[in-house]
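Student: Could you take me through the empty space inside this protein, taking the cavity and its lining as the part to look at closely? I would like one connected account.

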Amino acid sequence: MGEERFGEFVVVRRHGDGHVAELGLDRPRAMNAVSTAMARSLTAACAALGGDREVRTVVLTSTHERAFCVGADLKERNSFTDADLLRQRPVTRAAYTAVLDLPVPTVAAVHGFALGGGFELALSCDVIVADATAVVGLPEVSVGVIPGGGGTQLLPRRVGAARAAELVFTARRVEAAEARELGLVDELVERGRDREAALELAARMAANSPVGLRAAKRALRLGHGLDLRAGLEVEDAAWRAVAFSGDRAEGVAAFNEKRRPEWPGE
């Protein structure tokens, strides 16, 4: 298992044959609160992973025992002038966008607190696996701001406009069982198993065609919210991108020869 650090607060680990990358939030003294430095490191790590054709899936994890990520670093922001905050905005926004724009399937492994920007990082992933200790929420209006890492747009796409409005306007925290019931997380596992379960899920995904995975994610993301006919055009474009690929030829051959495919990834 290889390991690479991006700054002080982000670590990337490669698992197995390197097709599953673990993107670890590693600022335990601050419960992974997103500082300016951490945001820059997260953006850099995502850029490296997105450009690595060996990576087929990414798992977003936390090294802190009691928290996934508690959101923005409010201690840092308390020292900011208005000009400082304005200068920081593109830096933090780029970090959330970098996770959202990863071209491969992403799985968040959530335990403990995932609040504010921390929950937005999880919402930026395709699938959220949470353990029984998870507590999620978007409490920004309680401190005089609004979700700024995609929460007002990503949450309604998960749970509907009315439910998202209730959660954002009340700023309430939601514990694991209710979070699963409401669809705020996708899979609920026993305490301490979120990382293991997320890595297992990512490994199952990574066994499939890397070309197919990227194209399927692109179709899912670009087609969401479009009317049916426009969505089907997005799907057709993605299909055409893979239909004449080496992966498609290998997949068909492997099926007919009753063997596991050896994906060329092109």
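Tutor: Happy to! Let us begin with the classes used for lining residues: Ala, Val, Leu, Ile, Met, Phe, Trp, Tyr, Cys and Pro count as nonpolar, Asp, Glu, Lys and Arg as charged, and the others, Gly among them, as polar. Please keep in mind that this is a predicted model.

With that in hand, the enclosed space comes first. Searching the whole structure turns up 1 cavity of 30 Å³ or more, and the largest cavity holds about 40 Å³ of space. Around it stand Phe 119, Val 136, Gly 137, Leu 138, Leu 155, Leu 167, Arg 172, Val 174 and Leu 184. Sorted by class, this lining has 7 nonpolar residues, 1 polar and 1 charged. Gly 137 is counted as polar because Gly falls among the others in the class scheme, and Arg 172 is counted as charged because Arg is on the charged list.

The loop between helix H6 (161-170) and strand S10 (174-175) deserves a pause, as Ala 171 lies there. The phi of Ala 171 is near 60°, a positive value in a residue other than glycine. Most residues other than glycine have a negative phi. Ala 171 has a relative accessible area of 15%, so it counts as buried, the cut-off being under 20%. Another positive phi in a residue other than glycine belongs to Met 31, at near 50°; Met 31 sits in the loop between strand S3 (20-25) and helix H1 (36-50).

Now for the open spaces, to set the cavity in context. The largest pocket has a volume of about 870 Å³. Its lining comprises 36 residues, and Gly 71, Ala 72, Asp 73, Leu 74 and Arg 77 are the ones nearest its centre. Two or more lining residues come from each of helix H2 (74-78), helix H3 (82-100), strand S7 (113-115) and helix H4 (117-123), with H3 giving the most, 6 residues. By class, the lining of the largest pocket splits into 17 nonpolar, 9 polar and 10 charged residues.

The second largest pocket has a volume of about 660 Å³. It is lined by 23 residues, and closest to its centre are Leu 100, Leu 123, Leu 154, Arg 157 and Arg 221. H3 appears here too, supplying at least two lining residues, as do helix H5 (151-159) and helix H9 (210-223). The lining of the second largest pocket is made up of 9 nonpolar, 7 polar and 7 charged residues.

Terms used
Residues numbered from 1 in each chain as written. Predicted model: local features only at pLDDT ≥ 70, side-chain atom pairs only at ≥ 80, totals over all residues. Heavy atoms only, no water. 1 Å grid on protein atoms, 1.4 Å probe; cavity = no way out; pocket = protein on both sides within 12 Å on 5 of 7 lines; lining within 4 Å. Points joined across faces, edges and corners; volume = space filled by probe spheres on them. Helix = DSSP H or I, 4+ residues; strand = E, 2+ residues; numbered from the N terminus. Buried < 20%, exposed > 50% of the residue type's maximum accessible area, 1.4 Å probe, protein only.
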